[in-house]
Amino acid sequence: MYEAYWNLKSRPFENTYSEASYYPSESAQAALLKLRYAVENRRGAAILAGACGLGKSLLARTLLMQLPDTFSPKAHLVFPKLPSDALIPYLLLNLGRSPKDNHIASSPSENVWQLQQFLSENTRAGNHAVIVVDDAHLLSDHASLEMLRLLTNFETDGKLDLTLVLVGQTAIIPAVERFPSLESRIGVKSLMRCFTPDETAAYVTHRLRVAGCAEEIFVPEGLQRLFEITRGNPREINRLCDLALLIGYAEEIRVIDAAQVESIHDELVTVVPE
């Protein structure tokens, strides 16, 4: 709606994934380095944790994109809150083992055997599977965590068959710590944090540049107020900036300053009385 007004090729503050939209903040780069270490050294599991809206899923997808080709297949599970006996069939589906080809057996034990055989063949071919479980904090029950622990047991010729990357809110860390048999297999734990004021400004500029913007839209005072309101949370930054561009277009504003950011925020949070 507002792209032509601001001379943009696309909407800059969408929460959907694209490789170009990744912003390498200090926190994200440190977490990415730890996760790559865990995967490339074939550790059993790793944890990426943080509050809502910090870009954990984006970082996990960036990790999968950056890994060498030998780290395959790669599966990104985004619906983890399933019954524990459904996790292995769901994983097989994500690894390309289609039921219509009779790859997925009917009983839990046969499903586990099928997965083990597939991973073993993959390891002997010189590959290493990577399984990302998003929203892993939802897997707090014993049965589901035990199923994840089972996956970290698979090995072939002295090499682990896969690395499990658990991505979730900070509750995932104490949940795993209460389950020692899984916790002992965690190679690294990474905690993401919010942007600093400078990172907030750089993030907004980065997103606008990726979308084709060559001009200053948010003045420095506006960026500072944006940080104060959002506390450097990327999802909140995206929401407020997107609305600011929309209202700026509607009101024919050419730059967005602190007063406008404040006003737009007030409109966003105001509850209209019944």
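Helix α4 makes a good way into this structure, with N111, V112, Q114, L115, F118, L119, S120, N122 and T123 as its buried residues. The model is a predicted one, so everything here is read from computed coordinates. The buried residues of α4 pack against quite a list of partners: the helices α3 (84–94) and α5 (142–151), along with the strands β3 (129–133), β4 (155–156), β5 (159–160) and β6 (162–168). As for the helix itself, α4 runs over residues 108–124, and its end C-alpha atoms sit 24 Å apart. That agrees with expectation, because 17 residues at 1.5 Å a residue should span 24 Å. Just past the end of α4 comes G126, with a positive phi of about 90°.

One of those buried residues, L115, leads on to the nonpolar core. The largest such core has 34 residues, and L115, I131, V133, L151 and L164 are the ones touching the most other members. Two or more residues each come from β1 (45–49), β2 (74–77), α3, α4, β3, α5, β6 and α6 (172–177). The biggest giver is α3, with 5 residues. Setting aside neighbours within four places in sequence, L115 is in contact with I88, L91, L92, L95, L151 and F154. Another core lies apart from this one; it holds 26 residues, including Y5, Y203, I217 and I229.

Now for a look at a loop. T170 sits between β6 and α6, and it counts as partly exposed because its relative accessibility is 43%. Leaving out residues up to four places away in sequence, T170 touches A49, G50, A51 and L191. R97, by contrast, is 73 residues from T170 in sequence and 32 Å from T170 in space, going by C-alpha atoms.

Stepping back to the whole chain, the secondary structure adds up to 11 helices and 7 strands. The C-alpha trace spans about 65 × 40 × 35 Å along its principal axes. Of the 274 residues, 48% are buried. Contacts reach well along the sequence too: among those between residues at least 6 apart, 76% join residues at least 24 apart.

On the outside, the accessible surface comes to about 13300 Å², and carbon and sulfur atoms account for 52% of that. As for charge, the chain carries 26 positive and 34 negative side chains, with 7 Å between the centres of the two sets.

Notes: Residues are numbered from 1 along each chain as its sequence is written. This is a predicted model: local features need pLDDT of at least 70, side-chain atom pairs count only at pLDDT 80 or more; totals for chains, interfaces and linings use all residues. Side-chain values use heavy atoms; hydrogens and water are left out. Helices (H or I, at least four residues) and strands (E, at least two) are DSSP runs, numbered from the N terminus. Buried means under 20% relative accessible area, exposed over 50%, partly exposed in between (1.4 Å probe, protein chains only). Contact means heavy atoms within 4.5 Å. Accessible areas come from the Shrake-Rupley method with a 1.4 Å probe; for residues, only the protein chains shown count as cover. Lys and Arg count as positive and Asp and Glu as negative; His and the chain ends are not counted. The place of a charge is taken as NZ of Lys, CZ of Arg, CG of Asp or CD of Glu. The expected span of a helix is 1.5 Å times one less than its number of residues. A nonpolar core is a set of buried Ala, Val, Leu, Ile, Met, Phe, Trp, Tyr and Cys residues joined through side-chain atoms within 4.5 Å.
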